[in-house]
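Let's take a walk through a small piece of protein architecture together. Have the 3D view open and follow along as we go.

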Amino acid sequence: MRILLYGATGYTGRLIAAEAARQAAVDPSLAVVLAGRDGAALERLGNELGLPWQAFTLEVGQAVRRAVAEAE
């Protein structure tokens with residue numbers, strides 16, 4: 001299962017991202033992608049948790065559709 005976690009760098013998002021990373025470490029069928037608006041913050045969090053990330057705003061419909069199309 002591929003999960004796209006938008007808002008991953010906010011307070012609650014970070015908690016969810018950390019738990020998702022722990023789950024993905026024991027379940028190879030779980031793929032987690034961090035997402036949000038701030039690319040620099042996402043890159044730091046992605047490096048910290050060992051997860052890929054994507055930066056885009058919700059105002060760019062094409063980017064949202066592309067990112068969501070790849071998630072389950």
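What follows is an informal tour of the sheet, the crossovers, the core and a few single residues.

Before we start, keep in mind that this is a predicted model.

**The sheet**

Let's begin with the strands. In what order do the strands of the open sheet lie? The order is β1-β2-β3, and the pairing is parallel. Strands β1 (2-6) and β3 (53-55) stand at the edges with a single partner strand each, so one side of each has no neighbour in the sheet. Going from one strand to the next, the twist averages 25°. What holds strands like these together? In general, strands of a sheet pair through backbone hydrogen bonds.

Now look at the two pairings. β1 and β2 are joined in the parallel sense over 5 bridges, while β2 (residues 31-36) and β3 pair over 3 bridges, again in the parallel sense. Here are some bridge partners you can look up in the view:

| Residue | Bridge partner | Strand of the partner |
|---|---|---|
| L4 | V33 | β2 |
| L5 | L34 | β2 |
| L34 | W53 | β3 |

Notice that L34 turns up twice: it is the bridge partner of L5, and its own bridge partner in β3 is W53.

Is β2 mostly buried or mostly exposed? Of its 6 residues, 5 are buried, so β2 is largely enclosed by the rest of the structure.

**The crossovers**

How does the chain get from strand to strand? β1, α1 and β2 make a right-handed β-α-β unit. A right-handed β-α-β unit is also made by β2, α2 and β3.

**The core**

Next, look for the greasy part. The largest nonpolar core has 12 residues in all, among them L5, A8, V32, L34, L42 and L45. Which elements give two or more residues to this core? They are α1, β2 and α2 (39-49). Helix α1 gives the most, with 4 residues. This fits a broader habit: in soluble globular proteins, nonpolar side chains tend to be buried together.

Try zooming in on L45, a member of that core. Leaving out residues up to four places away in sequence, L45 touches A8, T9, R14, A17 and L34. Of these contacts, A8, A17 and L34 are listed in the core too.

**Along helix α1**

How many salt bridges does a search of the whole structure find? The answer is 1. R22 forms this salt bridge with E19, and the closest N and O atoms are 3.0 Å apart. Because R22 and E19 are 3 residues apart in helix α1 (residues 11-26), about one helical turn separates them. E19 is partly exposed, with a relative accessible area of 34%.

A25 is another residue of helix α1. Is A25 buried or exposed? A25 is exposed, with a relative accessible area of 68%. Finally, compare sequence and space: A25 and G50 are 25 residues apart along the chain, and their C-alpha atoms are separated by 9.6 Å.

Methods:
Residues are numbered from 1 along each chain as its sequence is written. This is a predicted model: local features need pLDDT of at least 70, side-chain atom pairs count only at pLDDT 80 or more; totals for chains, interfaces and linings use all residues. Side-chain values use heavy atoms; hydrogens and water are left out. A salt bridge is a side-chain nitrogen of Lys or Arg within 4 Å of a carboxyl oxygen of Asp or Glu. Buried means under 20% relative accessible area, exposed over 50%, partly exposed in between (1.4 Å probe, protein chains only). Two strands pair if DSSP finds at least two bridges between them. Axes are lines fitted to C-alpha atoms, for helices over the stretch in contact, and angles run from 0 to 180 degrees between N-to-C directions. A nonpolar core is a set of buried Ala, Val, Leu, Ile, Met, Phe, Trp, Tyr and Cys residues joined through side-chain atoms within 4.5 Å. Contact means heavy atoms within 4.5 Å. A crossover is right-handed if, with the strands pointing away from the viewer, the path from the first strand over the helix to the second runs clockwise.
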